[in-house]
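Below are some notes on the cavities and salt bridges of this model. Please read them beside the structure.

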Amino acid sequence: MNTVRQRLFGVVLLASIAACLLAINLVWGSSGWVWPLGPDAAVERVILVELRLPRALAALAAGGLLGLAGALVQVLTRNPLADPFILGISGGAAVGALLAILLGGPLLAQHLGAAVGAFAALALVLGLARGEHAWTGHRLLLTGVVLASALGAVVTLLLAIAPDRALRGMLFWLMGDLSAAPGPWIALVGLAVLALLTLPLARDLNILTRGELAAASLGVSVGSLRYLAYLGAAVATALAVITAGTIGFVGLLAPHLARLIVGTDHRAALPAAVLLGGSLVLLADLIARVVIAPQQLPAGSVLALIGAPMFLYLLHRAQRP
């Protein structure tokens with residue numbers, strides 16, 4: 001990575017740190033001015049350490065996981081419009097979580113249901129998309145789209161039969177809500193492990209962008225690489241959905257921004273996508289908390305309102321001569 005790219009990556013890192021500090025709200029927030037050394041230091045430390053910090057870390061981890069998954073899916077399918085949710089994993093997680101909510105299960109049951117649904121959808125997509133020898137990007141995308149449509153219909157049926165007392169929580173979960181996020185540590189550990197496992201693949205991913213035949217001729221084990229990267233993207237998406245619900249646009253937007261800032265070398269683009277994805281979710285959750293405080297909006301809806309015009313601008317910019 002040349003000096004210019006290193007400096008740009010440093011800017012991305014500093015911006016992510018700033019977003020995290022802003023989301024924690026060291027001096028302000030939806031509950032008013034907060035300063036952990038003031039006269040009400042004990043209460044304010046509880047607000048910062050027990051409420052805001054875990055939520056900010058959960059947003060950072062969920063966004064980073066979606067950014068990583070999006071970067072992997074886009075290079076594997078060679079489709080810049082591919083999104084990790086297109087694999088149908090978010091639909092499976094939604095069905096599992098909504099079933100747990102409908103049955104009156106506690107928060108732990110909801111997240112366990114989301115986990116089981118996500119990995120069941122993953123197994124179903126990989127099983128149906130497998131051809132004679134291996135998965136192909138085209139076949140995997142088509143299978144994921146069909147399965148996601150079917151799971152969307154199941155979600156609609158669950159919402160139709162849900163009682164009024166459960167409907168609001170179900171809708172907020174579907175729109176992406178961090179107010180009831182579990183502890184961030186599972187997502188953070190998962191993000192760290194997946195980053196350590198996928199970053200060594202960056203060189204081979206760079207070669208794979210030239211085509212499978214070119215990559216195989218240069219000594220890349222294309223089948224193993226595709227399997228590991230697909231599995232990593234699916235696990236990252238599942239962990240993100242379990243943590244923050246179904247938040248869209250992050251897996252689509254973060255890799256585009258990363259390539260725009262640091263270039264197409266995945267040794268820089270993968271960590272940049274992680275940082276940018278985390279920053280996007282952090283900022284969206286901050287806006288969701290303070291725009292009509294003390295009421296809160298679902299972060300997924302705020303992110304869609306921000307991400308849709310931003311992506312359209314990037315798409316228009318890329319099409320200009």
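How many cavities of 30 Å³ or more does the structure hold?

1. The structure holds 2 of them. A cavity is a set of points on a 1 Å grid over the protein atoms alone where a 1.4 Å probe fits but cannot get out. This is a predicted model: local features need pLDDT of at least 70, side-chain atom pairs count only at pLDDT 80 or more, and totals for chains, interfaces and linings use all residues. Residues are numbered from 1 along each chain as its sequence is written, and side-chain values use heavy atoms, with hydrogens and water left out.

2. The second largest cavity has a volume (the space filled by probe spheres set on the points) of about 30 Å³. Its lining (residues with an atom within 4 Å of a point) consists of A71, P255, A258, R259, H266, A269 and L270. Helices α11 (250–262) and α12 (266–290) each supply at least two of these residues; helices here are DSSP runs (H or I, at least four residues).

3. There are 4 salt bridges (a side-chain nitrogen of Lys or Arg within 4 Å of a carboxyl oxygen of Asp or Glu) in the structure. One of them joins R55 and D285, at 2.8 Å from N to O. R55 lies in α2 (residues 41–77) and D285 in α12, so the pair ties together parts 230 residues apart in sequence.

4. D285 also meets R289 in a salt bridge, at 3.7 Å. R55, D285 and R289 are thus linked in a network of salt bridges. R289 is buried (under 20% relative accessible area), with a value of 7%, and D285 is buried at 3%.

Definitions and conventions. 1 Å grid on protein atoms, 1.4 Å probe; cavity = no way out; pocket = protein on both sides within 12 Å on 5 of 7 lines; lining within 4 Å. Helix = DSSP H or I, 4+ residues; strand = E, 2+ residues; numbered from the N terminus. Buried < 20%, exposed > 50% of the residue type's maximum accessible area, 1.4 Å probe, protein only.
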